[in-house]
Amino acid sequence: MYTISQVAQHLNISAHTLRYYEKEHIISPDRNEHGERLYTEDHLTWLKFVMKLKQTQMPIAKIRAYAQLFLEGEHTASSRLQLLEEHRISIKQQIETLLVTEEMLDHKIASYKDLLLKKAVTP
């Protein structure tokens, strides 16, 4: 079992973020007899997945919806699958945008390098 500060340090996020995820019903840590949050390895695995979803721009509302579907049980598997497939489409669109942007930047960088090289050669 891990405390909130141990999890925050391990995942490189703030305790505030963990409390926010709890408030948003994305995670439900266990509690000890003093009411302190305790996290298991399963919680850590889930939080790592949540963080990846966030890094790929999935809105908190969708992450919350996915978490709720998971808690409802296996009969929601098709809904969870659909949500993740839709997110994968979004990720592929992000990748395509990044690749096009990288190509544009490469062209612009090459133009500036050529310009600077010409200035350096010209007396």
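1. A starting point in this predicted model is R37, which has a relative accessibility of 22% and therefore counts as partly exposed, the buried class being reserved for values under 20%. R37 forms a salt bridge with E22, and the closest N and O atoms of this pair are 2.4 Å apart. Because R37 lies in strand β2 (residues 37-38) while E22 lies in helix α2 (residues 15-23), the pair ties together parts that are 15 residues apart in sequence.

2. E22 also forms a salt bridge with R31, where the closest N and O atoms are 2.7 Å apart. With a relative accessibility of 18%, E22 counts as buried, whereas R31, at 42%, counts as partly exposed. Taken together, E22, R31 and R37 are linked in a network of salt bridges. As general background, side chains of opposite charge can pair when their charged atoms come close.

3. A further salt bridge joins E24 to K23, with the closest N and O atoms 3.9 Å apart; a reader checking this pair may wish to know that the cut-off applied is 4 Å. The two partners differ in their surroundings, since E24 is buried, with a relative accessible area of 12%, and K23 is exposed, with a relative accessible area of 58%. The count of salt bridges for the structure comes to four, among them the pairs E22 with R31, R37 with E22 and E24 with K23.

4. Turning to the interior, the largest nonpolar core has 23 residues, and those with the most contacts inside this core are L18 and L47. The elements that give two or more residues to the core are α1 (4-11), α2, α3 and α4, and α3 gives the most, with six residues. When residues up to four places away in sequence are not counted, L18 touches I4, V7, A8, I13, I27, Y39 and L47, so that L47, the other residue named for having the most contacts inside the core, is itself one of the contacts of L18.

5. Which residues line the largest pocket? The lining is made of H25, I26, I27, S28, D42, H43, W46, Y66, A67, F70 and L71, and about 280 Å³ of space lies in this pocket. The lining residues divide into seven nonpolar, three polar and one charged. Both α3 (41-55) and α4 (60-72) supply at least two residues of the lining, and the largest share, four residues, comes from α4. I27 deserves a second look, for this residue lines the largest pocket and is also among the residues touched by L18.

6. A final point concerns E103, whose place is in helix α5 (residues 77-121). E103 is exposed, with a relative accessible area of 60%. Between E103 and A8 there are 37 Å in space, C-alpha to C-alpha, and the two residues are 95 residues apart in sequence; A8 has already appeared in this note as one of the residues touched by L18.

Notes
Residues are numbered from 1 along each chain as its sequence is written. This is a predicted model: local features need pLDDT of at least 70, side-chain atom pairs count only at pLDDT 80 or more; totals for chains, interfaces and linings use all residues. Side-chain values use heavy atoms; hydrogens and water are left out. A salt bridge is a side-chain nitrogen of Lys or Arg within 4 Å of a carboxyl oxygen of Asp or Glu. Buried means under 20% relative accessible area, exposed over 50%, partly exposed in between (1.4 Å probe, protein chains only). On a 1 Å grid over the protein atoms alone, a cavity is a set of points where a 1.4 Å probe fits but cannot get out, and a pocket is an open set with protein on both sides within 12 Å along at least five of seven lines; lining residues have an atom within 4 Å of a point. Grid points are joined across faces, edges and corners, and a volume is the space filled by probe spheres set on the points. Ala, Val, Leu, Ile, Met, Phe, Trp, Tyr, Cys and Pro count as nonpolar, Asp, Glu, Lys and Arg as charged, and the others, Gly among them, as polar. A nonpolar core is a set of buried Ala, Val, Leu, Ile, Met, Phe, Trp, Tyr and Cys residues joined through side-chain atoms within 4.5 Å. Contact means heavy atoms within 4.5 Å.
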